[in-house]
Amino acid sequence: MELRNYLQNRSALVDQALDRWLPAKNILPFSLHQSMRYSVFAGGKRLRPILMIAASEAVGGTAQQVMHAACAMEMIHTYSLVHDDLPAMDDDDLRRGRPTNHKAYDEATAILAGDALLTEAFRLLADADANRSIPPTTALKVIELIARYSGSQGMVGGQIVDMESEGKEIDFPTLEYIHTHKTGGLILASVQAGAMLGGGNEEQLAALTRFGGAAGLAFQITDDILDIVGDQAELGKDIGMDQSRGKATYPALLGLAEARQRADELRDIALEALAPLGSAAETLQALARFIVDRHY
Ligand code: GRG
């Protein structure tokens, strides 16, 4: 299947499942559930759930086997965007082409919507019915994996180092720490969870771990580049913000050309890592190219 069709098809499946699993707008408390849904259904690419599904399919599993974890991952990602946009963090007005959650609602509601999305994600990951075809040990390993990559030694850890580095000159290892933890981790965890829930063996999991690490870092470097050369309407958010905030980015440290080269190298590392999976990994190959070539 051509990648564009694959992205459309799998993101529609994810949207349907999210709609089923997220509390409806008419369930109390209305404002909280509306605010959660506002950000979840604001038009994200669903890249992390799609990577999880593609990783499951690459090891012989199905989309259905990972759907609850894929939706949980999208809820965690959306919570991170809602909180990242808050006045105490990046203070952004626009996200996914719409006013940010705290602009559409208010700051307290946005904080609580993020809190509830994170909590709901772990409720879903632990849901017995959603895990009925998954061995309990695997389900527990996936919960631990996603918690580890989301928490203080994962995304939240990357976020605080990012904030503390604003306006400062930082070295390359610190920049790599920020990128691999703030963004790369959830992408790596998505791929690993897909391999585990899809029933992959040790060799397949090792290959997909190499793939996910390289793809995750390539994604954030591309995000840095798009913040300079991207189109605001296509991206659905303000551009040029990294430079104005004195953010630690690859182009700031290495220059645009070298940052592009590094993203291309990481794409090639990701592609090489997929070799043991053969033609079963064709979708993941296309996704690795998309991560680096995308305009949005
Ligand atoms: C607030 C705990 C906490 C963490 C925030 C991920 C993050 C950490 C902040 C987001 C800042 C940011 C814009 C980082 C760039 C990489 C990134 C996560 C981009 C958005 O992801 P996409 O492009 O977004 O997959 P969509 O909207 O398509 O889902």
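Helices, of at least four residues, are DSSP runs numbered from the N terminus. The model described here is predicted.

In the N-terminal numbering, α1 spans residues 3–21 and α2 spans residues 30–40. Proline 29 sits in the loop between these two helices. The peptide bond joining leucine 28 to proline 29 is cis. Its omega is about -5°.

Helix α1 also packs against α4. The two axes come within 10 Å and cross at roughly 80°. Helix α1 is therefore roughly perpendicular to α4, as the range for that class is 65 to 115 degrees. On the α1 side, the contact is made by Leu13, Val14, Ala17, Leu18 and Trp21. On the α4 side, Met67, His68, Cys71, Glu74 and Met75 take part. Eight residues of this contact are nonpolar, one is polar and one is charged.

Two residues other than glycine have positive phi values: arginine 46, near 65°, and aspartate 91, near 50°. Arginine 46 belongs to the loop between α2 and α3, the latter covering residues 47–58. Aspartate 91 belongs to the loop between α4 (63–84) and β1 (94–95). Their surroundings can be set side by side. Arginine 46 has a relative accessible area of 3% and is therefore buried, the limit being under 20%. Aspartate 91 has a relative accessible area of 42% and is therefore partly exposed.

A further aspartate, residue 227, lies in helix α10, which runs over residues 202–229. With 6% relative accessibility, aspartate 227 counts as buried. A polar atom of the aspartate 227 side chain lies 3.3 Å from the backbone nitrogen of methionine 241. Beyond four places in sequence, aspartate 227 touches Asp238, Ile239, Gly240, Met241, Asp242 and Gln243. Methionine 241 thus appears both in this polar pair and in the list of touching residues.

The nonpolar interior was examined next. In soluble globular proteins, nonpolar side chains tend to be buried together. The largest nonpolar core of the model holds 81 residues. Leu51, Leu208, Phe211, Ile221, Leu284, Leu287 and Ile291 touch the most other members. For leucine 208, contacts were listed without its neighbours within four places in sequence. Leucine 208 then meets Ala55, Val59, Val191 and Ala195. Leu274, Leu277 and Leu284 are also among its contacts. Leu284 is thus a contact of leucine 208 and is itself named with the residues that touch the most other core members.

Notes: Residues are numbered from 1 along each chain as its sequence is written. This is a predicted model: local features need pLDDT of at least 70, side-chain atom pairs count only at pLDDT 80 or more; totals for chains, interfaces and linings use all residues. Side-chain values use heavy atoms; hydrogens and water are left out. A nonpolar core is a set of buried Ala, Val, Leu, Ile, Met, Phe, Trp, Tyr and Cys residues joined through side-chain atoms within 4.5 Å. Buried means under 20% relative accessible area, exposed over 50%, partly exposed in between (1.4 Å probe, protein chains only). Contact means heavy atoms within 4.5 Å. Axes are lines fitted to C-alpha atoms, for helices over the stretch in contact, and angles run from 0 to 180 degrees between N-to-C directions. Angles under 35 degrees count as roughly parallel, over 145 as roughly antiparallel, 65 to 115 as roughly perpendicular and the rest as oblique. Ala, Val, Leu, Ile, Met, Phe, Trp, Tyr, Cys and Pro count as nonpolar, Asp, Glu, Lys and Arg as charged, and the others, Gly among them, as polar. A polar contact is a pair of N or O atoms within 3.5 Å; within protein, one must be able to donate a hydrogen and the other to accept it, and residues adjacent in sequence count only if both atoms are side-chain atoms.
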